[in-house]
Structures are given as structure tokens and as C-alpha cells.
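This briefing goes through one protein model for a reader at the bench. The lead sentences give the overall picture, and the bullet points then follow by topic.

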Amino acid sequence: MMNSDEGTANKLTKKDLRQISVRYMFGGQLGWNYERMMNVAYTHAIYPAIKKLYSNDDEKVKGMLKTEMQFFNTSPFMNALIMGMDLALQEKNGYESKEAVAAVKTSLMGPFAAIGDSLFGAVIPAIFGALAAYMGQEGNPTGVIIWLIAAVAILIMRYFQLPFAYKQGEKLVSNMTGLLQDLTQSATLLGVFVVGGLVPSVVNVQVPFQLTIGEKVIAIQADMLDQILPAMVPIVLVGLAYWLLGRKSLNSTRVIWIFLFLSIILYATGLLDVAG
């Protein structure tokens, strides 16, 4: 057996990494708690590897598990990258990697949470969800099929994250940061274009008023508003919803209720109508 300064004698195989990936993918929220959040699920997933790496020394196994049980919370879509770097450090430096492992987890869980949650929790669902909803309204199931394909692709990506991060090791920290930020910004920009383009099609609202001047009839919507800016009313309503969501006292549920009552009142009073 090699000493701890030279790493561990036992090496992790592809089978070991696949086992850990599956344990994490199907147990990523096990034992979630308000004190240390994802620490139980993280430790549960990584336990077989630690057991193998320090198989001759129960005290080292206990010590490393205690380190892994520290506070941990990040995006479930990015967690495996941290886990892969964790295992690479332990295999290379053995028990002496305790402090490095804790530092890597602490320093990366915040940035990875921001990137993962925004990209996989907001941007991608907004793009594919809006596309599927619009195509579904038209009676076309293709959007749902595309959404399902995207979901499966994300699941496959999560499965291969850990082996990739394990192979890259410490180099991944510097190599991935810039790439992930660029990817997130690009996907966010695409999401804005997709959702913005769908606004006139999905929000079918118009002003029904008509002005009669002598024998001349002027439709407020077609002859005035559409001449200034097509789909002005839907854009204003979406802008209002966006502004309300930014208020501290409001959340998505409250905004939905506001628009529900507002829609009933405006339709009943004849101020707004559904576009034909």
C-alpha cells in the first residue's frame, strides 16, 4: 500500500464511476435537510469509492466521510462535476487531500449552483417549454417530442459528467469556468429571443374599441395600436408580468392570481378581448 502522500494504491475503474453516477442520479435529493442540505446524498453516492480507496484503514474511511458530510448545496445538474474532481484528488493524494477536497467543494458549489440553476432550471425549460406549448396549441406534438429528447439528453449528460470530471481532475476548474459562463450567456440570449418571439402568438389579447366619427369607423386595435407597434397589448402585459415578478412582495403564484382577476375584470368591462 502506498502512503497517503503518494495517493492510494486502489484505483477506481469505469465500473466504479458508473455505479457512483447512478447512485447520485437516482438519489441526488436523498436525506435533504435544512442544516447541511445535500450532504447526505453526496456522501451516499461517493461512499463506495471512499470505501475502496481506503479499504485497509477504517479510520481514514471515517475521517473522509466526516469531511464529505460537511455543508453542501449546489445545482443537481452540476454536482457530478464536483464529485469527479473530489475523487480525482483523493486517488492522487490519498488522505492528505482532505483539506483540498473541502476547499474544492466549498469554492465550486456556489458558482456551479448559479450556472446550473440558471441554465438547466430556467433557460432550457423556458425555451423548450414555450416551444412545446405553442406547437401543442396548434395541435402539433413535435414540440413535446423535442422537449422529451432534450430531457433525455440532459440525463445522459449528467451520467457522463462524473467520469469526465474524474479524468480531467484539477484542470477542470480552470478549463470549465469560462466555457460554462459563455454557454449560459448564449443560452440566456437564445431563450429571450424564443420567448419574445412567442409572445404575440401565445398572448391573444386585443382592444375591442371602435371610434365612430361621422361615417368613419376607426378600430383602436387595427387602425391605431397595430400601426404604432404590432402586438403592443401582449407586449405590455408580458412587461407588466415581468415587472411584478421583480417586486419583493410578489412571487409567481401571486402574479398568476393578479392576472386571473385582472383578465376577468377587463373582459367583463369590455376593455380587452380575445383576438380572433
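Helices, as named here, are DSSP runs of H or I with at least four residues, numbered from the N terminus. On that basis, Ile 265 falls in helix H10, which covers residues 252-268. The model is predicted. The protein chain holds 10 helices and 4 strands, and 36% of its 276 residues count as buried.

**Overall layout**

- Read from the N terminus, the elements of the protein chain follow the order α-α-α-α-α-α-α-β-β-β-α-α-α-β.
- Of the contacts in the protein chain with a separation of 6 or more, 70% are between residues 24 or more positions apart.
- The protein chain has an accessible surface of about 16000 Å², and carbon and sulfur atoms account for 65% of that surface.

**Nonpolar cores**

- In soluble globular proteins, nonpolar side chains tend to be buried together.
- The largest nonpolar core contains 39 residues. Leu 12, Ile 50, Ile 82, Met 83, Leu 87, Phe 112 and Leu 162 have the most contacts inside this core.
- At least two residues of this core come from each of helix H1 (14-25), helix H2 (39-53), helix H3 (58-68), H4, helix H5 (98-137) and helix H6 (142-168).
- H5 contributes the most to this core, with 9 residues.
- A separate core of 11 residues lies apart from it, and its members include Ile 220, Leu 225, Val 255 and Leu 266.
- Leu 87 is in contact with Leu 12, Leu 17, Ile 20, Ile 46, Ala 49, Leu 162 and Tyr 166, when neighbours within four places in sequence are left aside.

**Helix H4 and its end**

- H4 spans residues 79-93, 15 residues in total. At 1.5 Å a residue the expected span is 21 Å, and the end C-alpha atoms are 21 Å apart, so the two values agree.
- Of the 15 residues in H4, 13 are buried, and the helix is therefore described as mostly covered, given that buried means under 20% relative accessible area.
- Asn 79 belongs to helix H4 and is buried, because its relative accessible area is 1%.
- Beyond residues up to four places away in sequence, Asn 79 touches Tyr 24, Met 38, Tyr 42, Phe 72, Thr 74 and Gln 161.
- Gly 94, just after H4, has a positive phi of about 65 degrees.

**Met 25 and Met 37**

- Met 25 is part of helix H1. Its relative accessibility is 16%, so Met 25 counts as buried.
- With residues up to four places away in sequence not counted, Met 25 touches Leu 155, Arg 158 and Tyr 159.
- Met 25 and Ala 41 are 16 residues apart along the chain, and their C-alpha atoms are separated by 9.9 Å.
- Most residues other than glycine have a negative phi.
- Met 37, in the loop between H1 and H2, is not a glycine but has a positive phi of about 60 degrees.

**Salt bridges**

- How many salt bridges does a search of the whole structure find? The search finds 3.
- Lys 52 pairs with Asp 16, with the closest N and O atoms 2.6 Å apart. This pair links distant parts of the chain, since Lys 52 is in helix H2 and Asp 16 is in helix H1, 36 residues apart.
- Within that pair, Lys 52 counts as partly exposed because its relative accessibility is 27%, whereas Asp 16 is buried at 16%.
- Glu 68 pairs with Lys 105, with 2.9 Å between the closest N and O atoms. Glu 68 lies in helix H3 and Lys 105 in helix H5, so this salt bridge ties together parts 37 residues apart in sequence.
- Both partners count as buried: Glu 68 has 0% relative accessibility, and Lys 105 has 1%.
- Arg 36 and Glu 35 form a salt bridge through their side chains, at 3.9 Å from N to O. Arg 36 is partly exposed, with a relative accessible area of 34%, and Glu 35 counts as exposed at 62% relative accessibility.

**Surface patch**

- Trp 257, Leu 260, Phe 261, Ile 264 and Ile 265 make a nonpolar surface patch of about 530 Å².
- An α-helix has 3.6 residues a turn, so residues three or four places apart point the same way.
- Ile 265, one of the patch residues, has its place in helix H10.

Terms used:
Residues numbered from 1 in each chain as written. Predicted model: local features only at pLDDT ≥ 70, side-chain atom pairs only at ≥ 80, totals over all residues. Heavy atoms only, no water. Patch = residues over 30% accessible without salt bridge, like charges linked within 9 Å, V, L, I, M, F, W, Y side chains within 5 Å. Areas by Shrake-Rupley, 256 points an atom, 1.4 Å probe, with all protein chains shown as cover. Salt bridge = Lys/Arg side-chain N within 4 Å of Asp/Glu carboxyl O. Expected span 1.5 Å × (residues − 1). Buried < 20%, exposed > 50% of the residue type's maximum accessible area, 1.4 Å probe, protein only. Core = buried A, V, L, I, M, F, W, Y, C linked by side-chain atoms within 4.5 Å. Contact = heavy atoms within 4.5 Å.
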